[in-house]
Amino acid sequence: MRLLLLQLLFVFLLISTPSKAQINRSIPSEKPKLIVQVVVSQMRFDYLNRYWDKFGDNGFKQLVNEGTYCRNARYNYLLTQAYPGLATIATGANPSVHGIISDKWFNRNTGNQVEATADEKVNTIGGSFFSGKHSAKNLVTSTFGDELKLNNANSKVISIALDAGSAILLGGHSAKGMYWFDTEKGLWVSSSYYTDALPAWIDTFNRKEFAKLYTEREWKALQPIQNYEEADTAAVKSVEKKKNLMEKLKGMVDGIIGKPQPKTDYKALLENPYGNLLTKDLAIAAIDGEKLGTDESTDLLCITFSANRFIGGKFGPHSIEMEDTYLRLDRELAHFLEFIDSTVGKENCLFVLTSDQGVASTPDYLEKSKIPGSYFDPKKAMILLGSYLNALYGQGNWITGYHDKQIYLNRKLIEDSNLNLADFQQKVADFMLEFSGVANSSTAHNLQNGNFANGIMVKFQNSYNQRRSGDVIINLEPGWVERNGNITSANSPYDYDSHVPLIFYGWKAKRKSVLTPVYINDIAPTLSILLGITWPNGATGTPIKEMLE
């Protein structure tokens, strides 16, 4: 009898005592084995609250409820666009330092438009001729990923996104793998700046033709159409707008938001949530294919969900399409987090989620609530400015370019005409203030010579780069957006464009809500301090103390 009791006690102890593997599983490693940096492009801060009740428990809610949630995180510069935002996250610096002042800008020497990551000197690896002609040559500082590689050559840095600019600017100069989507052939590609050949796991992924499968899939709403925010037509006053909205809802009566094209058009993946699904699939393949997080050298995986930006620009932040995109992304995040936990382990992975920019409500949407707002037409403004300058200084091509609220002047003509450049710039800045919707203007001369401590001019200065920025920069009134082919855009210092989510989750990230003001250029210094490595060489941010406590 006594022997039987001892045997039962032994079995009970075996069952109730956690194994060594279980104990080790709950203890975080000294340093994270993997850092996953996720950027949900064009995600406004208020999206989390707006869609909260419709989210599942294991996606965005899990990140917020179990992570360090910085509720007061913002960009601290004027021209809040996707590529400057991604570069700011990666470098810990503002555009004035890292040089990516805009998605595109004007080159005074060549007279041509410059795309942030375009590079004619490199070649495509694995796709169509032009799809891979991109590099980080215009990014003038190092990134967190670059410094991670310099600190430990065994650390792997992988960056992926649908568009080349997002992948490159978040990953940096020296990533082991840099991949984006070729919309001509439906393949994931890279450039000779980073590699001579695609790895076997990328080739295997491309052969599975997920892109073709998702392109031919019908975009159907996850919920009944009447459950979506924009389905409430009560606030619509205009008869014409109400008619248009009702026709839209009628077209969605079966919940079909987007129909597949008769011919496979891979560009469609940029403007529907299946582009995010494809990106997540590749992220999982990257972890498996590169064996990320499997040794003592910290690896970095950068993921940008770019489709949200294209969907937001096409349909607006309050649209049914936008809401459905986030409900679907919530599911993809839940699946991805589950995969991370089952492979690398939550305790070994530091997951960082933020956004590259916010986005403005469409003027039509603001009109429903009688909130001021409208469109600023830069083409008309430049025609009137040109006429004014011709009347003032004589006939001449005084304006050489306009790009994203930046006016580039013909400095050679101004010099040849014996005109003072600073005075000329000021004349232009003063004239721009006469346009409806223009709130502020500043000259390059003032931004180079001024020392601003606070106010809007600090944000002007943080966006200004002496070699690349325009002679005059303008800022619009709240609610005004530039007419650029989309129904809305970002590119302002206001809360809806600059305030974005920032969440640290997993490895040593405590459950807390941080209300202290945080800037997005604080992310890279924070990660550098946590790993004990050198900061990116242009970083101007400050480590977030709540993550270091």
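In the predicted model, F336 is in contact with V36, K280, A283, I284, I287, L301, I303 and F351, leaving aside neighbours within four places in sequence. F336 belongs to the largest nonpolar core, which holds 69 residues; together with V36, L301 and F351, F336 touches the most other members. Helix α14 (residues 320-343) supplies the largest share of this core, namely 10 residues. A second, separate core comprises 55 residues, among them A82, V518, I523 and I544. In soluble globular proteins, nonpolar side chains tend to be buried together.

The strands include an open sheet of 10 members with mixed pairing, arranged in the order β6-β9-β8-β7-β12-β1-β13-β20-β2-β21. Its edges are formed by β6 (124-125) and β21 (512-514), each of which pairs on one side only. Strand β21 is joined to β2 (residues 68-70) in the parallel sense over three bridges. Within this pairing, Y69 has S513 of β21 as its bridge partner.

Aromatic side chains form 26 pairs. In the pair of F181 and Y266, the ring centres are 6.2 Å apart and the planes stand at 80°, so the arrangement is edge-to-face. Because F181 lies in strand β8 (residues 177-182) and Y266 in the loop between β11 (256-258) and α12 (274-289), this pair ties together parts that are 85 residues apart in sequence. Both F181 and Y266 are buried. The rings of F205 and F210, with centres 5.3 Å apart and planes at 50°, form a tilted pair. Here F205 counts as buried at 6% relative accessibility, whereas F210 is partly exposed at 25%. One aromatic cluster is made up of Y47, Y51, F55, F60 and Y326. Charged groups also lie over aromatic rings: the charged end of R217 sits over the ring of Y274, 5.3 Å from its centre, and R309 lies over the face of F310, at 5.0 Å from the ring centre.

Side chains of opposite charge can pair when their charged atoms come close. The whole structure contains 20 salt bridges. In one of these, K346 is bound to E66, with the closest N and O atoms 2.7 Å apart. This salt bridge links distant parts of the chain, since K346 is in the loop between α14 and β13 (349-354) and E66 is in helix α4 (residues 60-66), 280 residues apart. Both partners are partly exposed, K346 with a relative accessible area of 25% and E66 with one of 23%.

A further salt bridge joins D471 and R108 at 3.0 Å, N to O. D471 is in the loop between α20 (456-463) and β18 (472-476) and R108 in the loop between β4 (104-106) and β5 (113-115), so the pair ties together parts that are 363 residues apart in sequence. D471 is buried, with a relative accessible area of 0%, while R108 is partly exposed at 28%.

The side chains of D299 and K156 likewise meet in a salt bridge, at 4.0 Å from N to O. Strand β12 (residues 299-305) contains D299, and K156 is in the loop between α7 and β7, 143 residues apart. Both residues are buried, the relative accessible area of K156 being 13%. Beyond residues up to four places away in sequence, K156 touches K176, E290, K291, L292, D295, T298, D299 and L300. Elsewhere, salt bridges that share partners join R44, D46 and R50 into one network.

Terms used:
Residues are numbered from 1 along each chain as its sequence is written. This is a predicted model: local features need pLDDT of at least 70, side-chain atom pairs count only at pLDDT 80 or more; totals for chains, interfaces and linings use all residues. Side-chain values use heavy atoms; hydrogens and water are left out. Buried means under 20% relative accessible area, exposed over 50%, partly exposed in between (1.4 Å probe, protein chains only). Contact means heavy atoms within 4.5 Å. Two strands pair if DSSP finds at least two bridges between them. Helices (H or I, at least four residues) and strands (E, at least two) are DSSP runs, numbered from the N terminus. A nonpolar core is a set of buried Ala, Val, Leu, Ile, Met, Phe, Trp, Tyr and Cys residues joined through side-chain atoms within 4.5 Å. Rings of Phe, Tyr and Trp (its six-membered ring) pair if their centres lie within 6.5 Å; planes under 30 degrees apart count as stacked, over 60 as edge-to-face and the rest as tilted. A charge sits over a ring if NZ of Lys or CZ of Arg is within 6 Å of the ring centre and within 35 degrees of the ring normal.
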